[in-house]
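Please open the model in a viewer and keep the selection panel at hand. The stops below proceed by selection, each followed by what is found there.

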Amino acid sequence: VGGLCNGILAGLVSITAGCANMECGSAVLTGLLGGFVYQAASMLLVKLKIDDPVDACPVHGFCGIWGVLAAAFFDWGKGVDYFNGSGWSCKTPEGSTACIEGIGGTMIGSNMILILMVCLWSGVLSGSAFCILKCTGLLRISEEVEDTGMDSHHHSPPKAYAFPNVVAPEVNAPPKPAPVEPERDVEGYAHNEV
């Protein structure tokens, strides 16, 4: 179910950058390819042993990059040789109505620079925030909480996580009393059994 939902999100993220200048067929193809980009990125993170439990990076990072590239690749409103940018009219030089031809490659290059700048901006800000959290000791949870799990440790009721054949650990539950062995007489009969 998680892969299906993330695949749908991957298609939606992929088409977001080009939604104003792609034709329907290009939009469907971009979303479909976004699903494959998501799956490949998710498998890559697993292979590299990078922890991303909800696949946020494959969905938003990799599919976002694919979407920005696809916005330039499939910008065919007036033809393959023109660039529209936004809407269905081609880019024109200032003071003219004639379309500028042959700038598709320039736009793909511009979108690649955009991707690099967004990655740099996000990386510096995220890295700074994570460094501050690590230095203050707030980046990781305790090993005890890791072992029991954040959900069962911080949320209640724990019975919400008790699936069939799976027992959720009872957090902060009082210890159960040890069973009392009944006293037995010489013949082996118990006298204080309930």
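**Stop 1: the salt bridge**

The count is one salt bridge, where the term denotes a side-chain nitrogen of Lys or Arg within 4 Å of a carboxyl oxygen of Asp or Glu. The model is predicted, so to speak of local features requires pLDDT of at least 70 and side-chain atom pairs count only at pLDDT 80 or more, whereas totals for chains, interfaces and linings use all residues. Residues are numbered from 1 along each chain as its sequence is written, and side-chain values use heavy atoms, with hydrogens and water left out.

Select Arg140 and Glu146: their side chains form the salt bridge, at 2.2 Å from N to O. Arg140 is exposed, with a relative accessibility of 61%, while Glu146 is partly exposed at 38%. Here buried means under 20% relative accessible area, exposed means over 50%, and partly exposed lies in between, with a 1.4 Å probe and protein chains only.

**Stop 2: the aromatic rings**

How many aromatic pairs are counted? The count is two aromatic pairs. Rings of Phe, Tyr and Trp (for Trp, the six-membered ring) pair if their centres lie within 6.5 Å; planes under 30 degrees apart are stacked, those over 60 are edge-to-face, and the rest are tilted.

Select Trp66 and Phe73 to see a tilted pair, with ring centres 6.5 Å apart and planes at 45 degrees. Then add Phe74, which forms an edge-to-face pair with Trp66, at 6.4 Å centre to centre and 80 degrees between the planes. Ring pairs thus join Trp66, Phe73 and Phe74 in a cluster. Within this cluster, Trp66 is buried at 14% relative accessible area and Phe74 is buried at 12%, whereas Phe73 is partly exposed at 34%.

**Stop 3: helices α1 and α3**

Helices, here and below, are DSSP runs (H or I, at least four residues), numbered from the N terminus. Display helix α1 (residues 2-16) together with helix α3 (residues 56-73): their axes come within 8 Å and cross at roughly 35 degrees. The axes are lines fitted to C-alpha atoms over the stretch in contact, and angles run from 0 to 180 degrees between N-to-C directions.

The crossing of α1 and α3 is right-handed, meaning that the near helix is turned clockwise from the far one by less than a right angle. For the contact (heavy atoms within 4.5 Å), select Asn6, Leu9, Ala10, Val13 and Ser14 on α1, and Val59, His60, Cys63, Gly64, Trp66 and Gly67 on α3. The residues of this contact comprise six nonpolar, five polar and no charged. In this grouping, Ala, Val, Leu, Ile, Met, Phe, Trp, Tyr, Cys and Pro are nonpolar, Asp, Glu, Lys and Arg are charged, and the others, Gly among them, are polar.

**Stop 4: the loop between α2 and α3**

Most residues other than glycine have a negative phi. Go to Lys49, in the loop between α2 (24-47) and α3; Lys49 is not a glycine, yet has a positive phi of about 60 degrees. Asp55 lies in the loop between α2 and α3, and its phi is positive as well, near 55 degrees. Are these residues buried or exposed? Lys49 is exposed at 76% relative accessibility, whereas Asp55 is buried at 13%.

**Stop 5: Asn111**

Finally, select Asn111 in helix α4 (residues 104-135). Asn111 is buried, with a relative accessibility of 15%. Residues up to four places away in sequence aside, Asn111 touches Val68, Ala71 and Ala72.

Note on methods
Helices (H or I, at least four residues) and strands (E, at least two) are DSSP runs, numbered from the N terminus.
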